[in-house]
Amino acid sequence: MLLKTEGLGITFGGLKAVDAVDFEVERGTVAAIIGPNGAGKSTFFNLVSGFYRPTSGHVTLEDEEITNLPAHRTVRSGMARTFQTTNLFKESSALDNVIVGHRVRTRSNIFDAIFRTPRSRRENRQCRDRAMEALSFVGVDHLADRTVGSLPQEAQKRISIALALATDPKIVLLDEPAAGVNNEETQGLMDLIRKMVEHDYTVCLVEHKMGMIMGLADKIMVLNYGQKIAEGPPEEIQADESVIEAYLGAEEEGEEDA
Amino acid sequence: MELFLQQLINGIALGSVYGLAALGLTLVFGVLRIPNLAHGALYMVGAYVTYFALVSYGIPYIAAIGLSAVVLAVVGITIERLVFHPLRNAPHTHHLIAAVGVLFFLESGAQVLWGSEFRQMPSPFVGTVEVLGLNIGLQRLVVIFASIAVMAALYLFLKKTVPGQTIEAIEQDRTGASLVGIDANRVSMMTFGISAALAAVAASLVAPINLVFPTMGEALNLKVFAIIILGGLGSIPGAIVGGFLLALAEVFSSTYISNAFGQAIGFVFLLVVLAVRPTGLFSKGV
Amino acid sequence: MQVLSRHWRKLALAVVLLVALLIPLFIDNQYLLGLIMLAYIWAIAAYGLNVLLGYTGQLTLAHAGFFGIGAYTVGILTVNYGFPFWPSLLLAVVFASVLGFLIGIFALRTQNEYFAIFTLGVGFVIFLVIERWESFTGGSLGLIGVPYPEGLGPIQFEGPEQLYYLILAFLVLTIYVAASIAHSLVGRSFIAIRNSPDLAMAAGINVGRTKQLAFTISTAIAGLSGGLYATYIGFLGPAIVNVPTTFEILLYLLVGGMGSLSGPLIGAFLVTTIFEYFQQFEAYRLVIFGPVVILLIIFFPRGLAGLWGELEARVRRSPEKEAEGREEPSREEVR
């Protein structure tokens, strides 16, 4: 098991935003997390990736305890993530945005920088190469020198994924990778995720677009009010009474569906 | 004992001035998320307006303070429109830098227009009254009661009137407030206006005890920041309580330890508190 | 295109350096030479601020405090204890950066405006300590008679010309270090934090430690500029340590361009010269500069360097633009 959570939970001011969630992701698969708005999906991601500190439970990555590691350390241990809103730096180029992703795999320090040591030069090149590789993997290498802010939403989504890949992750957590892009582009992103899996990445995603989830996921977990209410392969989830109920109950809140 | 009570009164008078000035600063921060480094300069301009109304035009003291509040409200609104409104989506460092620009401008403007000499503001409230065997300066009593009256008026405004409630609504929940259709622009201007007016009142009240000069706002500026950080940025009760606490700490440590220590205590306290609790003493967490 | 512009940049750099080297030969006016030296010193200080504010996006208001610690370290050691200049200067840098490191541990627990206000408090407390600790710092009377540096081998520092070259050498060194950092992975980590702390964290950057590093570097450079200032000016008073000095350094950086490599130099040079030119209007300086700061931050937050970059990009773009139509080319992050 690549990623595993046991009894993972967090309480905000008495409210259990995520409540004792057990979850496992197998290597080389796509796992999806769904649920109505405010069900705790993003919070769950934040817990797993070290952005929030859980108030209960454990997270392990390849049987290694990463529960209380700060976010930057979870990245080093092989977990990368993207954010719901693409918050790339709009004023610089795609390449410049992605290069910094590989910094975590380098060792050169401030003295290397000041004295321009061979290690510094080598690692500078290494980061650039790795960033170009990641950009070409996600299919936007031709946009490497373009300002991110001038690119369409879909390209920005891909660049965000490239940034995550540049950290050399074992597992990538994608928070709504297809939000704000059209159906055709969603198809493209699905192909990209399949390609990631073919290349030995493991993917865990939060998404609202059901078509995408059902077409990609090997396994789905459903959260509602911070609790896991169902888990299983797509067919099973589609037929699950409690899931349908949870979604019907939330319908008035205006679910975005594809 | 007599010294103690005397200093207690002095501390309360000073605290009510700090409280008033800090209230304006904390309102602007709470509503607009702007740490207005130019607040001390507005305070200084307020003192000058009252001074000239009093000395050059012979307007009675209380009316002069009212006039100064109105003038400063206009100045505050102008600054909001010209400086901070265009920066509303800029990074927070830009707000701070713009505020420094305003500070430069107002302080050096005062120096050019009015010279750097120290001026004594005449107040009709001279002499002392004897209360329980203590001789208390009349002006100090005026400071205390006027400040409390203004604070009470502000409280009623924020709680009981519609414009006041919109300010509170935005302060407590920005997105919620914009959802119910509150005009953020109007609230911004109003907040800046009130904030500057409060600074003017505070300065005009304390000016007859201290002096009026272009850099009179500098020390106060740092102190009110210390106060609102201690009280929690954006917290109104925090600003008032913090104002009194800092003033009392200053007065008593000046009296019983040393003058220098009295001047420094606010900042030392500020640094210690922030080192332990990076978001202030009474903040509601992050 | 890119290669060509890089060559041009190198050429421009060489010309500027050559002019800087020749200045003492052409300028007899001691006063003017002193002015240029002062501009260099402020430029060094502004480079220090740039590491933290320009690259890492953290506004410190304690910069004059660390400048003052550097200045007073040199002043006290040479005047009160008869120390030679060189070890004093070294100690000034060490002391400023160690103190910066220690204060940074606490200061950087705070964020955004809290950080600015915390450092404002730090700056003011440093000022108060220097002003009030009379037996040690000379209090408001100050320290008089900070000596010129002792000779280094064949080089003697007897007059302003020699001191000029010394300060120029330190300026070049500072720019070299700043450029090295800006183009390194460390510099990229700084910029990532400025752009988005969350994204930096998600890229595996230890945000706390990286900010700490930037803060320490910035205080070390402030200490260096302070130490040079002490020997240049010869006497020290507490006013130079006070918060308005921080604002002035901020002004240099803002005019020149935050986050750019040439900005601090351009800004310090331009502003000191203009200040000097308007000296008879001394009082009006800040009346004018206040609005200038505001206009810059609203309309040109990247200062003159940013403006130049934009012009350059526009020129470079125009032929391609016709072909491409819509997109803007990337502005390099580091110039």
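**Exercise 1. Salt bridges between chains A and C**

Work out how many salt bridges are counted between chain A and chain C in this predicted model, and look at one of them up close.

*Solution.* Start with the count: 2 salt bridges link chain A and chain C. Now zoom in on C:Arg302, which pairs up with A:Glu91. Their closest N and O atoms sit 3.2 Å apart. To pass as a salt bridge, that distance has to be within 4 Å, so this pair makes the cut.

Next, widen the search to polar contacts. Across the interface of chain A and chain C, 7 residue pairs turn up.

**Exercise 2. The chain A side of that interface**

Find out which helices of chain A give two or more residues to the side that touches chain C.

*Solution.* Walk along chain A and you'll pick up helix H2 (71–76), helix H3 (94–99), helix H4 (110–114) and helix H5 (118–137). Of these elements, H5(A) gives the most, with 4 residues.

Then sort this side of chain A by class: there are 14 nonpolar, 12 polar and 9 charged residues.

**Exercise 3. How much area do A and C bury?**

Describe the contact between chain A and chain C by residues and by area.

*Solution.* First the residues: chain A brings 35 and chain C brings 33. Then the area: about 3,000 Å² is buried between the two chains, with 60% of it coming from carbon and sulfur atoms. Finally, pick out the top trio on chain A. A:His72, A:Ile110 and A:Arg116 supply 18% of what chain A buries against chain C, more than any other three residues.

**Exercise 4. Over to chains C and B**

Go through the same steps for chain C and chain B: contacts, area, then charged and polar pairs.

*Solution.* Begin with contacts: 37 residues of chain C meet 40 residues of chain B. Together these chains bury about 3,500 Å², and 84% of that lies on carbon and sulfur atoms. On chain C, the trio to look for is C:Glu113, C:Tyr114 and C:Ile117, with 19% of the area this chain buries against chain B, more than any other three residues.

Now count the pairs. There are 0 salt bridges between chain C and chain B, and 2 residue pairs are in polar contact across their interface.

Last, see what builds the chain C side. Helices H5 (112–132), H11 (243–256) and H13 (285–299) of chain C each give two or more residues, and H5(C) gives the most, with 13 residues. By class, this side holds 28 nonpolar, 5 polar and 4 charged residues.

Key
Residues are numbered from 1 along each chain as its sequence is written. Chains are lettered from A and ligands numbered from 1 in the order in which they are written. This is a predicted model: local features need pLDDT of at least 70, side-chain atom pairs count only at pLDDT 80 or more; totals for chains, interfaces and linings use all residues. Side-chain values use heavy atoms; hydrogens and water are left out. Contact means heavy atoms within 4.5 Å. Buried area is the accessible area (1.4 Å probe) that two parts lose on being put together, summed over both. A salt bridge is a side-chain nitrogen of Lys or Arg within 4 Å of a carboxyl oxygen of Asp or Glu. A polar contact is a pair of N or O atoms within 3.5 Å; within protein, one must be able to donate a hydrogen and the other to accept it, and residues adjacent in sequence count only if both atoms are side-chain atoms. Ala, Val, Leu, Ile, Met, Phe, Trp, Tyr, Cys and Pro count as nonpolar, Asp, Glu, Lys and Arg as charged, and the others, Gly among them, as polar.
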